[in-house]
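Reader: I should like to learn how the terms used for a protein model are justified. May I ask about them one at a time?

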Amino acid sequence: MIHITSTDRYRITRWRVVMTNILSLAAGLGVISIIFMIAGVNPLFAISEIFQGSFGSVYGFKETVTKAIPLILIGAGLTLAFRAKFWNIGAEGQLLMGAIFATWTGLTFGDTLPAWGIIPLMFAAGFLGGALWGIIPAILKIKYAINEVISTLMLNYICAHILTMLIVGPWKGGTRFGFPGTDSLPEAAILSVIPGSRIHYVTLILALACAAILTMIIYWTRFGYEARVVGENPEAGKYAGIDFLKTTLILMAISGGLAGMAGVGEVAGIHQYLGYPDSMSSGYGFTAIIVAWLAKLNPLYTVLSGLFFAGILVGGDAIQISLGLPAATVDIVNGTLLIFLIMGDYFLNHKISITFSTR
Amino acid sequence: MEEIIISTLQRTLVAGTPLLLATTGEIICERSGILNLGVEGVMALGAVTAFIVTMTTGSPWLGVLAALVAGMVISIIHAVASVTLQANQVVSGLALTMLGLGLSGMVGKPYVGKPLTIKMENITIPVLSDIPFIGKAVFSQSPFFFLAIALALGAWFLLERTRLGIQIRSTGENPKATETQGVNVFLIRYLSVIIGGGFSALAGAHLSISYSKSWIEGMTAGRGWIAIALTIFALWNPGRAIWAAFLFGGIFVVQYLMQPLGISPNFLAMLPYIATLLILLLISLKDPRKLNAPAMLSTPYKRGER
């Protein structure tokens, strides 16, 4: 008989965390290879194409950094929500709401204000839009016991339809040749990029700063501690006098607000006008969930994991073209890696021993 | 007028059918204490599997069977992660959805836009279908409709009236005590997750071989998420799920009825999601305790712990 026993592990070293993540990703890549093989694609070639396409060339790497910007912003915000066990899967809607608020601000004041006035105003408006869309599920959860997974998801769909209503209706621009979308943002409201790339560096700096500030908030402030208690031990939290509504509202305002700022970056840095929801975000809200998870809910590490998954998005685009694979390929890669990452957590927290006996 | 009533009712029942199938599956799964957010992905995989198998074999029933098997097999992933490895169920379910959507997109790519010429004949029940107004709409329907009703009633009977049902429910409420009674909690949870996945895949099969008879990427269009909301709305009772699913089917149909009145199609497309939130809010305002989920929902069970 083979006996497999597992016992809880109480001391987890940083080295073990890194090794577990690497082994999980490797195992995930193994399974993805099998899927590619079944699909008739040489997995070694496909995987090397993914990483060649994203990290192997200067052009690819610039694109990877561009796509990492929203992933880091959203991912950092999600680490805060997830630490409080608030399952915010509505970042997609929060991003779009931020884009809507920023577009309105840009179109309204862009011609009268200089760039140094309008750009901060747009980021503030985007933060506000995302935050408002984030605190709705917070209120619904704390006051009315409505599951946040459901509410954040429904709000994603609702926001996408609001955006579409705007761009086919009142906000439809005259310069789009009849296609839905707003007019282009005024010159002053467009973010400048690093020459020769699409990297809108203002948003990149904001993303890095937010990841650093959030790390300090989580580890060094009373609020960060309270957010953790809200998630881990609600009973003790109540005794300690933590105001659940207030804490949840603040953390969802931050989490949604950062997604909203990501929306500002996409609209003002990449597209320069507001168009269909699908083109404004390439599923960043969902990919950022994996980014936060791989970062072990540490905002600082989302910089690395954001780059990694941005690379997969860029590489995924590359193999779509070179190997004729469908867009959904990236979902397979992401889904598989995520499953292996969470399965790996078990081996992080448990000591497995296998013993053989004759009986 | 009679025509409109009959066709509205008929379309309501058609639109509610996949919701009922998926909701029933999710109820069984959640009653055992496992939250499965993979419904949307499993539904998509079921849709593509049923479509391909029906097209290549010429038999819709083989398509249904293949979808069922595919849905059950892919759900094992969620079972292993959430039951054996005690992983976070929210994240594991999301991963399952990504995987299901991805696989369906990849496998289905060559089939996009190809029409299905094989028809799954409607079942018309004699005598009952002669009832004025409702007869024709209710008793002459796709086999999936009758299957959905039968499975929901069957699930209700299973959960409320059988020994296995009691074991599933108590596994969701108090796994420790259940195990003390000699019940294998892990086995019950595996079964529930796998059965639930099979139901979701059937919902997808309905979409691709009965409802629209074609396959396009993203054709599940958020129905899986609505099914998860309906599970709460039905308060984890398959009997209530029947009218809840068809109420939502009605909301889908209202979209098309109101469009000629000059109301924005995007506003109407928003209705099911707004309705989901409003209805959950109403339940909560009326009696928050009623929202009580299975006590151990989304809590992993660790054997041998207090």
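Author: Certainly. A helix here is a DSSP run of H or I with at least four residues, and helices are numbered from the N terminus. Please bear in mind that this is a predicted model.

Reader: How do you know that R222(A) and E226(A) are separated by about one helical turn?

Author: Both residues lie in helix α8 of chain A, residues 222-232, and they are four residues apart, which means a separation of about one turn. In general, an α-helix has 3.6 residues a turn, so residues three or four places apart point the same way.

Reader: Why is the pair R222(A) and E226(A) called a salt bridge?

Author: The cut-off is 4 Å between a side-chain nitrogen of Lys or Arg and a carboxyl oxygen of Asp or Glu. The closest N and O atoms of R222(A) and E226(A) are 3.0 Å apart, so the pair satisfies the definition.

Reader: What makes R222(A) count as exposed?

Author: The relative accessibility of R222(A) is 55%. Exposed means over 50%, and R222(A) is therefore exposed. E226(A), by contrast, has a relative accessible area of 15%; the limit for buried is under 20%, so E226(A) is buried.

Reader: How many salt bridges does the structure hold over all chains?

Author: There are six. One of them joins the side chains of R198(A) and E63(A), with an N to O distance of 3.0 Å.

Reader: What makes the pair of R198(A) and E63(A) a link between distant parts of the chain?

Author: The two residues are 135 residues apart: R198(A) is in the loop between α6 and α7 of chain A, whereas E63(A) is in helix α3 of that chain. R198(A) is partly exposed because its relative accessibility is 36%, a value between the limits of 20% and 50%. E63(A) has 10% and therefore counts as buried.

Reader: Why is the pair of R31(B) and E160(B) also called a salt bridge?

Author: The closest N and O atoms are 3.7 Å apart, and the cut-off is 4 Å, so the pair qualifies. R31(B) belongs to helix α1 of chain B and E160(B) to helix α6 of chain B, 129 residues apart. With a relative accessible area of 14%, R31(B) is buried, while E160(B), at 24%, is partly exposed.

Reader: How do you know that the span of helix α6 of chain B agrees with what a helix should span?

Author: This helix has 19 residues, 143-161, which at 1.5 Å a residue should span 27 Å; the end C-alpha atoms are 26 Å apart, and therefore the two values agree. Among the buried residues of α6(B) are F144(B), F145(B), F146(B) and L159(B). At the start of α6(B), a side-chain oxygen of S142(B) comes within 3.0 Å of the backbone nitrogen of F144(B).

Reader: Why is the pair of S210(B) and S142(B) called a polar contact?

Author: The side chains of S210(B) and S142(B) are joined at 3.1 Å, and the limit for such N or O pairs is 3.5 Å, so the distance falls inside it. S210(B) itself lies in helix α9 of chain B and is buried, at 15% relative accessibility.

Reader: What is notable about the phi of L235(B)?

Author: The phi of L235(B) is positive, near 50°, in a residue other than glycine. L235(B) sits in the loop between α10 and α11 of chain B. Its relative accessible area is 16%, and L235(B) is therefore buried. K85(A), also not a glycine, has a positive phi of about 55°, but K85(A) is partly exposed because its value is 39%.

Reader: What makes up the side of chain B that touches chain A?

Author: Its residues divide into 30 nonpolar, eleven polar and three charged. In total, 44 residues of chain B are in contact with 45 residues of chain A. The two chains bury about 3800 Å² between them, 83% of it on carbon and sulfur atoms.

Reader: How many salt bridges are counted between chain B and chain A?

Author: The count is zero. Two residue pairs are in polar contact across the interface.

Conventions
Residues are numbered from 1 along each chain as its sequence is written. Chains are lettered from A and ligands numbered from 1 in the order in which they are written. This is a predicted model: local features need pLDDT of at least 70, side-chain atom pairs count only at pLDDT 80 or more; totals for chains, interfaces and linings use all residues. Side-chain values use heavy atoms; hydrogens and water are left out. The expected span of a helix is 1.5 Å times one less than its number of residues. Buried means under 20% relative accessible area, exposed over 50%, partly exposed in between (1.4 Å probe, protein chains only). A polar contact is a pair of N or O atoms within 3.5 Å; within protein, one must be able to donate a hydrogen and the other to accept it, and residues adjacent in sequence count only if both atoms are side-chain atoms. Contact means heavy atoms within 4.5 Å. Buried area is the accessible area (1.4 Å probe) that two parts lose on being put together, summed over both. Ala, Val, Leu, Ile, Met, Phe, Trp, Tyr, Cys and Pro count as nonpolar, Asp, Glu, Lys and Arg as charged, and the others, Gly among them, as polar.
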